[in-house]
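Q: Please take a close look at a single part of this predicted model. I should like a connected account that begins with one residue and its contacts and then moves out to the packing around it.

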Amino acid sequence: MPIAAIVAIAVVIIVLAAWLIITYRSFVTLRNLVQEGRRRIDLELNARYGLISNLVEIAAPYMRDSEPLEAIIEARSAATEPVTGMTQRGKREDDLSQAISRAHVFAEQNAELSADQSFSSIRNELVSISKRIDQASRFYNANARDLNAKRESFPSNLVASAFHFGHAEYFQAEPTRIALASDLHAAASSVPSEGAPE
């Protein structure tokens, strides 16, 4: 075999090997970023669960046997159950956010609870955490999108299939931010107080 042909084959093999290594490493990097994003979300959600427990404890004397309080307890219990998929987890967080929003509307109609400094402090902390959850979810979803796009594109999909780089589910819990921030106050203000003119 001519030397030129041998050199050409060697160059092709080297190029393919280099591409394979680079592509594999890029998949590993994206997978690590997705996992880091999931850890960030977990961290903020766990902090949120702790605050919700405190909120329930403070609100219980004012909201005993009320539907909004029971809804929070049930939604928090469901949200903390182990799940494997981020899509399902996002849905449970949406349900929890909606339950908290209804409880806040109830609080706006209860002068004593609304005036409770501990309750107000926790409510503000929940709004702050909701913003951090939103930031963490954006980080996670951006990297999940990049990973999914790469594994679905040719020829990098060949590497993804060979090394089992799986699809990353998106974490879509947008109401987490909405229900605890601007829409919360809009919802509360839209409910007429007792004795207010129609």
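A: Beyond its neighbours within four places in sequence, Lys150 is in contact with Thr23, Ser26, Phe27, Leu30, Ser156 and Asn157. Lys150 itself lies in helix H5. Its relative accessibility is 26%, and Lys150 therefore counts as partly exposed. One of its partners, Thr23, stands 127 residues away along the chain, yet the C-alpha atoms of Lys150 and Thr23 are separated by 9.4 Å.

The packing of the two helices H1 and H5 comes next. Helix H1 covers residues 3-59 and helix H5 covers residues 117-152; their axes come within 8 Å and cross at roughly 160°. H1 and H5 are therefore roughly antiparallel to each other, the limit for that description being an angle over 145 degrees. The crossing in which H1 passes H5 is left-handed. Sorted by class, the residues in the contact of H1 with H5 are 22 nonpolar, seven polar and eleven charged.

H1 also packs against helix H2, which spans residues 67-79; here the axes come within 11 Å and the crossing angle is roughly 155°. This angle makes H1 roughly antiparallel to H2. H1 and H2 likewise form a left-handed crossing. From H1, the residues Tyr49, Ile52, Ser53, Leu55 and Val56 meet Leu69, Ile72, Ile73, Arg76 and Ala79 of H2. By class, the contact of H1 with H2 holds eight nonpolar, one polar and one charged residues.

H5, for its part, also packs with H3, at an angle of about 155° and with the axes 13 Å apart. H3 is thus roughly antiparallel to H5. The crossing of H3 past H5 is left-handed. On the H3 side the contact is made by Met86, Ile100, His104, Ala107 and Glu108, and on the H5 side by Phe119, Arg123, Leu126 and Tyr140. Six nonpolar, one polar and two charged residues make up the contact of H3 with H5.

These helices can also be viewed through the nonpolar core. The largest nonpolar core has 41 residues, of which Ile41, Ile52, Ile72, Leu96, Leu126, Tyr140 and Phe171 touch the most other members. Two or more residues come from each of H1, H2, helix H3 (86-108), H5 and helix H6 (156-162). H1 gives the most to this core, with twelve residues. In soluble globular proteins, nonpolar side chains tend to be buried together.

Several of the residues named above recur here. Ile52 and Ile72 are among the residues through which H1 and H2 meet, and Leu126 and Tyr140 belong to the H5 side of the contact with H3. Phe171 offers a further view of the core: leaving aside neighbours within four places in sequence, Phe171 is in contact with Ile41, Leu45, Met86, Arg89, Gly90, Glu93, Ile133, Ser137, Tyr140 and Asn141.

Finally, the chain as a whole may be considered. The chain contains eight helices and zero strands. Of its 198 residues, 38% count as buried. Among contacts in the chain with a separation of 6 or more, 78% are accounted for by residues 24 or more positions apart. The pair of Lys150 and Thr23, 127 residues apart along the chain, is one example of residues distant in sequence that are in contact.

Note on methods
Residues numbered from 1 in each chain as written. Predicted model: local features only at pLDDT ≥ 70, side-chain atom pairs only at ≥ 80, totals over all residues. Heavy atoms only, no water. Axes fitted to C-alpha atoms, helices over the stretch in contact; angles between N-to-C directions. Helix = DSSP H or I, 4+ residues; strand = E, 2+ residues; numbered from the N terminus. Parallel < 35°, antiparallel > 145°, perpendicular 65-115°, else oblique. Left-handed = near helix turned anticlockwise from the far one by under 90°. Nonpolar A, V, L, I, M, F, W, Y, C, P; charged D, E, K, R; others polar. Contact = heavy atoms within 4.5 Å. Core = buried A, V, L, I, M, F, W, Y, C linked by side-chain atoms within 4.5 Å. Buried < 20%, exposed > 50% of the residue type's maximum accessible area, 1.4 Å probe, protein only.
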